[in-house]
Every structure is written in C-alpha cells, then in structure tokens.
Amino acid sequence: MSDLIVVGYDDAFKAEEVRLKLLKMQKEYLVDLEDAVVAVKDKDGKIKLHQMYHLAASGAVGGGFWGALIGLIFMMPVLGAVVGAASGAAAGALTDVGIDDDFMKKLAETLTPGSSVLFVLIRKMTEDKVLDELKGTGGKVLQTSLSHDDEAKLQEALAAAGAAS
C-alpha cells in the first residue's frame with residue numbers, strides 16, 4: 001500500500017526542487033515513487049498541475065506503434081499509425097493513475113497565490129535516509145496517510161530545515 005504525503009511551500013518553485021530531490025533519491029533506490037505532482041498557484045490565483053507522467057504522450061507513442069503494426073498487416077501502415085496514435089492519445093488523456101486530479105486542485109485552491117504544493121505517493125522508502133535528504137527544504141505537511149509518529153518525524157525534519165535557513 002502506498003502512502004500519500006502533501007507538503008506546502010511558500011515559494012512557487014520549492015515544490016519542484018524537492019520533487020527533483022525525490023527523483024534523484026529514486027535513482028539511488030532510497031524511495032519508490034508511484035506518483036509525484038507539483039501544483040502551483042500563480043499570482044492570478046490559477047492552479048497548474050505539473051504531472052510526473054504524461055499519459056497522453058505515452059499513449060500516442062504506444063498507439064502509433066501498434067497502429068503501424070496492424071496497418072502493415074492490412075497494407076496501410078501510415079493510416080494505421082495515425083489512427084493508433086490518435087486513439088492511444090485519447091486513451092492516455094482519459095486515464096488517471098496515481099493521485100486524483102480533482103483532489104489536488106481542491107487542496108491547491110486553499111494556497112495563497114505564489115505558493116506551491118508537492119503531492120507524493122510513495123510505495124516504500126528508506127525512511128532515515130530520505131528524511132536526512134529532506135532536511136533543508138522547509139515546507140509544512142498539509143495532509144498525509146502516514147502514522148502520527150512518522151508524520152511528526154517528517155514535519156520535524158522539514159521544520160529543522162526552516163530553522164537552519
């Protein structure tokens with residue numbers, strides 16, 4: 001089962017910076033991310049979600065491949081690739097994996113303009129090493145599915161960073 005962690009930042013760019021740290025830790029096998037999305041509320045109050053996975057693009061690539069392959073069988077590879085890419089992109093755009101977009105937008109609406117929030121869905125992690133890496137990032141835990149003890153450890157690590165700044 002995955003754990004959801006939502007951390008808010010006063011800076012519009014800080015959530016993306018922390019997400020990049022988490023992606024680096026994933027390459028080092030310290031954390032296994034299912035999803036990591038950054039929501040930014042701009043100065044006009046508009047919310048923009050920056051997804052980790054772009055399903056429409058990957059659907060178009062996969063659909064184009066399979067469409068071209070099927071098109072080769074019927075001697076129309078170009079038409080097959082076009083139809084396959086279009087249907088793959090449509091299927092990818094309609095597919096929602098990871099964290100619910102509506103949930104993220106509703107929570108991000110509560111932010112002040114010029115701030116950001118990081119939504120992370122974690123399958124598993126090496127807790128002590130990840131918390132050490134997150135020191136120095138600041139932020140406030142807004143919501144989590146962690147136990148009370150683990151949530152307190154995370155907030156303590158984030159707060160220690162704020163005191164060090």
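1. Start with a little network: D32, E34 and R123 are linked by salt bridges. Keep in mind that this is a predicted model, so read every distance below as computed from that prediction. R123 is the residue to click on, as its side chain meets D32 in one salt bridge and E34 in another.

2. Now look at the R123 and D32 pair. The N to O distance here is 3.1 Å. This pair joins distant parts of the chain, with R123 in strand β4 (residues 115-125) and D32 in strand β2 (residues 31-41), 91 residues apart. Try colouring those two strands before you zoom in.

3. The other arm of the network runs from R123 to E34, with N and O 3.9 Å apart. Because R123 sits in strand β4 and E34 in strand β2, this pair ties together parts that are 89 residues apart in sequence. Do check the cut-off for yourself: a salt bridge needs the nitrogen within 4 Å of the carboxyl oxygen, so 3.9 Å still counts.

4. Are these three buried or exposed? Neither label fits, because partly exposed covers the range between 20% and 50% relative accessible area. R123 comes out at 42%, D32 at 25% and E34 at 27%, so each of them is partly exposed.

5. Next, a separate salt bridge, between E28 and K24. Their closest N and O atoms are 3.5 Å apart. E28 has a relative accessible area of 40%, which makes E28 partly exposed. K24 is partly exposed as well, at 48%. With the cut-off for exposed set at over 50%, K24 stays in the partly exposed class.

6. How many salt bridges are there by this rule? The count is eight. The ones described in this note include R123 with D32, R123 with E34 and E28 with K24.

7. For a contrast, turn to V141, which is found in strand β5 (residues 140-144). V141 has a relative accessible area of 7%, so V141 is buried.

8. What does V141 touch, leaving aside residues up to four places away in sequence? Its contacts are V6, V7, E151, L154, Q155 and L158. Take L158 as one of them: L158 is 17 residues from V141 along the chain, and their C-alpha atoms are separated by 8.4 Å. Don't let that number confuse you. Contact is judged on heavy atoms within 4.5 Å, whereas the 8.4 Å runs between C-alpha atoms.

Methods: Residues numbered from 1 in each chain as written. Predicted model: local features only at pLDDT ≥ 70, side-chain atom pairs only at ≥ 80, totals over all residues. Heavy atoms only, no water. Buried < 20%, exposed > 50% of the residue type's maximum accessible area, 1.4 Å probe, protein only. Helix = DSSP H or I, 4+ residues; strand = E, 2+ residues; numbered from the N terminus.
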